[in-house]
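Colleague: Could you take a close look with me at how one pair of helices packs in this model? I would love a connected walk through it.

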Amino acid sequence: MDHSAHHVETSAHDHAGHLHDAGHAHHAGHVHAGGGTTWSMAAKATLHCLTGCAIGEILGMVIGTALAWHNAPTMVLAIGLAFFFGYSFTLYAVRKAGLGWKAAIKVALAADTVSIAVMELVDNGIIALVPGAMDAHLSDGLFWYALLGGFAVAFLITTPVNKWMIGRGKGHAVVHAYH
């Protein structure tokens, strides 16, 4: 057994469990003297998730449209790909920092699940509520306005969620030890 790999994985798991203390000390530039997380830190975490979500969602919409799928399967594919790409960005970063696959997957799930879920719920809810958006094609301005508007509102709603979670050592705070 390669003990150095086990040590990195164990250290990552131990460190992630104590991130509330160590993570905040490591990122003192992002935390106010009173211990609160900054809006800038929360916005960066949200933008990170939004990037993965946007890539996955747009790709899912393009594939579903190209295959002439109905709305429901296209939306399921888009949401699935949003989670896939959201997690992939974090997995790439923490694997590059030296974590083993098992620890990296745990970090990605802890870091991104709530953020991506909130973002997808808000974004897709807005698309579903905009009259005609679900039936608009990729070449229609309504499709893009609804999608981009959904992303903007999702960003505004998810940022405070991420701020609250990071301030408690949860969500994206778990990744900060590996930056």
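Modeller: Happy to; here is a tour of one helix pair, with a word on confidence.

This is a predicted model, in which local features need pLDDT of at least 70, side-chain atom pairs count only at pLDDT 80 or more, and totals for chains, interfaces and linings use all residues. Residues are numbered from 1 along each chain as its sequence is written, and side-chain values use heavy atoms, leaving out hydrogens and water.

The pair is H5 (residues 101–129) and H6 (residues 141–167), whose axes come within 8 Å and cross at roughly 150°. That makes H5 roughly antiparallel to H6 (angles over 145 degrees count as such). Helices here are DSSP runs of H or I, at least four residues, numbered from the N terminus. Axes are lines fitted to C-alpha atoms over the stretch in contact, with angles from 0 to 180 degrees between N-to-C directions.

Among the H5 residues that meet H6 are Val114, Val118, Val122 and Ile126, and the H6 side includes Gly150, Phe151, Ala154 and Ile157; contact means heavy atoms within 4.5 Å. By class, this contact has 14 nonpolar, four polar and one charged residues, with Gly counted as polar.

Asn124 also sits in H5. Asn124 counts as buried, at 6% relative accessibility (buried means under 20% relative accessible area, with a 1.4 Å probe and protein chains only). Leaving aside residues up to four places away in sequence, Asn124 touches Glu57, Met75 and Ile79.

As for confidence, the chain has a mean pLDDT of 81, and 78% of its residues reach 70 or more, on the predictor's per-residue scale from 0 to 100. Over residues 1–34, pLDDT stays under 50.

Methods:
Helix = DSSP H or I, 4+ residues; strand = E, 2+ residues; numbered from the N terminus. Parallel < 35°, antiparallel > 145°, perpendicular 65-115°, else oblique. Buried < 20%, exposed > 50% of the residue type's maximum accessible area, 1.4 Å probe, protein only.
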